[in-house]
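Biologist: I'm new to this one. Could you walk me through how to read the way its pieces pack together?

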Amino acid sequence: MRKNDARRTALVDAAIEVLAAAGARGLTFRAVDSEAGVPNGTASNYFASRDDLFTQIGGRVYDRLLPDEATVAGTLEGPRTTERYTEIMRELVDRVTAFGSGQLALLELRLESARRPELQRVLTARIRRDINENQANHAASGLPGDEQSVLILYLALNWLILERLTLPDLLSTSEVDAVVEELVRRALAV
C-alpha cells in the first residue's frame, strides 16, 4: 500500500463525494479515481479492499464534520442562556447541512455498517467519542442542560439535518428555526 498521506486523504475525500452521489454500490475504485482526477488504478494502490475504503471514509467524514477552533471558541462567547444555546444549535444544523455530501455519505456508511462489522466498529467508536466530547464540552461551557440534553439534541438534530438534505422542500427555514428552538427548550426541560 502507498504511503503518501496527502494523496490518501484526497482519495478518501473523493470517496466521500462518490458515496454521497452514487451510494454504496457506486463506490468503486474507478469512480474514486475519476472523482479525485487521478489515473485509474490509483485508489487500489492505497486501499486493500472496498472494506478498507469504507473504513477509511468512516474515520474521515467525521473529521470533516467537526467545527474549526474559531467556531468552538465562538460557542463560549456570550451569555449562557437557552437563547444562546438555541443560536449555537442553529449554527450547528447549518454547518453540518452545508457539508451535505458528508452527511449523506455518513448515512450510506451507517447502512453499510449493518453488513460490515469493521465499519460498524469504526463508526461506533467514532460517534461515541464525538458524543462524549460534545457532552464534556457542553459541561465545561456553562450552558444550560446536562449530558442527557446533549444526547437528545444530537439524536433529534441528526434527523432534522437528514430531512433538510433529502427532502429540502419539506420544511421552510422558519420552520427549521422554530423546530430547533423547540428541541432545545424541550431537551433542557428534561
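Modeller: Sure, let's start with axes: they are lines fitted to C-alpha atoms, for helices over the stretch in contact, and angles run from 0 to 180 degrees between N-to-C directions. Helices (H or I, at least four residues) and strands (E, at least two) are DSSP runs, numbered from the N terminus. Now the case here: the axes of α1 and helix α2 (residues 29-36) come within 8 Å and cross at roughly 130 degrees.

Biologist: Before we go on, what sort of model is this, and how are residues numbered?

Modeller: This is a predicted model, with residues numbered from 1 along each chain as its sequence is written. Local features need pLDDT of at least 70 and side-chain atom pairs count only at pLDDT 80 or more, while totals for chains, interfaces and linings use all residues, and side-chain values use heavy atoms, with hydrogens and water left out.

Biologist: How many helices and strands are in the protein chain?

Modeller: The protein chain has 10 helices and 0 strands. Its C-alpha atoms fill a box of roughly 55 × 35 × 30 Å, taken along the principal axes.

Biologist: How do I describe two packed helices?

Modeller: You give the angle between their axes and the distance between the axes. For the angle, under 35 degrees counts as roughly parallel, over 145 as roughly antiparallel, 65 to 115 as roughly perpendicular and the rest as oblique. Back to our pair: its axes cross at roughly 130 degrees, which makes α1 oblique to α2.

Biologist: Is the crossing of α1 and α2 left-handed or right-handed?

Modeller: A crossing is left-handed if the near helix is turned anticlockwise from the far one by less than a right angle, and right-handed if clockwise. The crossing of α1 and α2 is right-handed.

Biologist: Which residues of α1 and α2 meet?

Modeller: Contact means heavy atoms within 4.5 Å. On the α1 side you'll find L11, A14, A15, E17, V18 and G26, and they meet A31, V32, D33, E35 and A36 in α2. That contact divides into 7 nonpolar, 1 polar and 3 charged residues (Ala, Val, Leu, Ile, Met, Phe, Trp, Tyr, Cys and Pro count as nonpolar, Asp, Glu, Lys and Arg as charged, and the others, Gly among them, as polar).

Biologist: And how do α1 and α7 cross?

Modeller: Helix α1 (residues 5-26) and helix α7 (residues 100-113) have axes that come within 8 Å and cross at roughly 60 degrees. The two are therefore oblique to each other, and the crossing of α1 and α7 is left-handed.

Biologist: What sits over the ring of F47?

Modeller: A charge sits over a ring if NZ of Lys or CZ of Arg is within 6 Å of the ring centre and within 35 degrees of the ring normal. Here the charged end of R8 sits over the F47 ring, 5.2 Å from its centre.
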